[in-house]
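Me: Could you take me through the ligand site in this one? I'd like the contacts and the pocket around them, with cut-offs.

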Amino acid sequence: MLWWQSGVVYQIYPRSFADSNGDGVGDLQGIISRLDYLSETLGVDAIWLSPHYPSPQDDFGYDVADYVDVDPMYGDLADFDLLVKEAHARNLRVIVDYVICHSSDRHPWFIESASNRDNPKRDWYIWRPEKADGSLPNNWLSIFVGKAWTKHPTTGEYYLHSFLASQPDLNWRNPELERAMFDVLRFWLDRGVDGFRIDVARRAVKDAYLRDNPEALVIDPTTHKFDPIWSAQEHIHDDRQTDMHVIYGKFRALLDSYQERYSVGEIHEWDWDSWASWYGEGDELHMPFNFALLAAGTDAIKIRNIITGMEGAIPEGAWPNWVAGNHDEPRMATRLGGLAEARAMAVLLLTLRGTPTLYYGDEVGMTELPILIGEERDPAGLRKPGWGRDGCRSPMQWDPAGGFSSATTPWLPTNSNTATVNVESQLGDPASTLELYRALLALRRLTPALNSGGIVLEPPDKAVLAYKRVAPDGDKVSVAVNLSSGEHPQPFTGTVLVSTSPALIGEPAPKVLAPWEAVVIGN
Ligand code: NOJ
């Protein structure tokens, strides 16, 4: 098993994790100061940093103005090198974000490209004149609401942007752009990074003829949670182009020319076969993120169907993964209805077959930060009230006072529940969520059945999701999670190794599970 298969990844949103210089925004030195916490106290195996690149921060780093540097607000390349060195000294891998679809409009590439129609970098972005009748080049839409085309004053042509107008889309059909973006990968690989999380991984290549998307015959509102106009189109020309697979073939070959490097793509696919296609034949992405749990709530039948659907589609030899929170989604302790629900989900996340990606702060049960309309920072929220993602991006809660920054006003306020929801207070308290995560992570690390074994599901039950994890040598661990607010029978025997109820640990497995109770059982 490779590290990215048996290990656990922890996502850090650099703005919000640890602020070493008191300016109210997190930074790389802050992250370095918390590496012991991550590797020893918590016990994860890799960190993924949301973008740390120079950026005007219109989309908090997902608008890159220089792919090969560090934003001064986070530090500099020397800090980055130190982070990699210190992380590796602790056996922690470092994964960085790769923003493949668009740059910032302040990237020198775009500034050149926009400067005149004959500029050698003109074709590094997607430019089109308006149509003869004065209308936009096609009917594509921005994921952040509105049209995907903006007219640039210098040349009078339109450029394409799948997100903000200040995030122009790169043209991956241009071989020079492709070369430059592959050089970016080499730059970070040579600095020792262990892998990449690829932003909007499916959308970098567009239809070569930029054809209009047809109207959707059946409107599926789940294609865009907040924009019915988006859902009314069939996104067959601005998304999922087969040429994207060709790019990932080359991408994988480059990663494979280094030792044990890893890639995970942000791929929102709800059809398991389409999802599985991004593995290629073991020659494209190491993993497309599996986001299905984010939409499943706590429905035991739905989650079981997700497991069987995914397991049925995943190619031979490919390795699964699970996500229950990230910087775009409401915090799990809020989304699922409460801490008990989130703790049950943590047991699933850390015991299902596949690599879990944890989101910073979920290990202490951080909740959504309530944000008043008018106080939002997220561009998505500013464009569509209610859609803001600030709630899940609030400062990491290290101690009863917050502990994220010495600034009186950090970039987003610290949640008011930090008095109890924090690392310092929970450490050593067996009833705490942090201790539950620590116990699960420690057990997972020591137990091949959990970190690399197969999975055998019990028959469907509408309350209790139960399965065995089985190592190649036959060693077994059983898991039963009560995803309901009532008491329900628990099918396995053995001794409880980890539980949401600390009193059960070391005891014979209970015959009945209390509401939201979960047990990991050794046989
Ligand atoms: C997906 C990222 O996760 C999100 O935060 C960002 O706004 C968009 N891509 C645009 O890059």
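Reply: Here's the ligand site, from the contacts outwards. This is a predicted model, where local features need pLDDT of at least 70, side-chain atom pairs count only at pLDDT 80 or more, and totals for chains, interfaces and linings use all residues. Residues are numbered from 1 along each chain as its sequence is written, and side-chain values use heavy atoms, with hydrogens and water left out.

The residues around the ligand (a heavy atom within 4 Å of it) are Asp59, Tyr62, His102, Phe144, Phe163, Arg197, Asp199, Glu266, His327, Asp328, Arg389 and Arg393. By class, that's seven charged, three nonpolar and two polar residues; Asp, Glu, Lys and Arg count as charged, Ala, Val, Leu, Ile, Met, Phe, Trp, Tyr, Cys and Pro as nonpolar, and the others, Gly among them, as polar.

Now the polar contacts (N or O pairs within 3.5 Å). Asp59 puts a polar side-chain atom 2.6 Å from a ligand oxygen. For Asp199, a side-chain N or O atom is 2.7 Å from an oxygen of the ligand, and for Arg389 that distance is 3.0 Å. The protein buries 98% of the 290 Å² that the ligand exposes when taken alone (Shrake-Rupley, 1.4 Å probe).

As for the surroundings, the ligand sits in the largest pocket, meaning more than half of its atoms lie within 2 Å of the pocket's grid points. A pocket here is an open set of points on a 1 Å grid over the protein atoms alone, with protein on both sides within 12 Å along at least five of seven lines, and lining residues have an atom within 4 Å of a point. The largest pocket holds about 1400 Å³ of space, a volume filled by probe spheres set on the points. Its lining has 49 residues, with Thr222, Thr223, His224, His268 and Trp270 nearest the centre.

Definitions and conventions. Polar contact = N/O pair within 3.5 Å; in protein donor to acceptor, adjacent residues only side chain to side chain. 1 Å grid on protein atoms, 1.4 Å probe; cavity = no way out; pocket = protein on both sides within 12 Å on 5 of 7 lines; lining within 4 Å.
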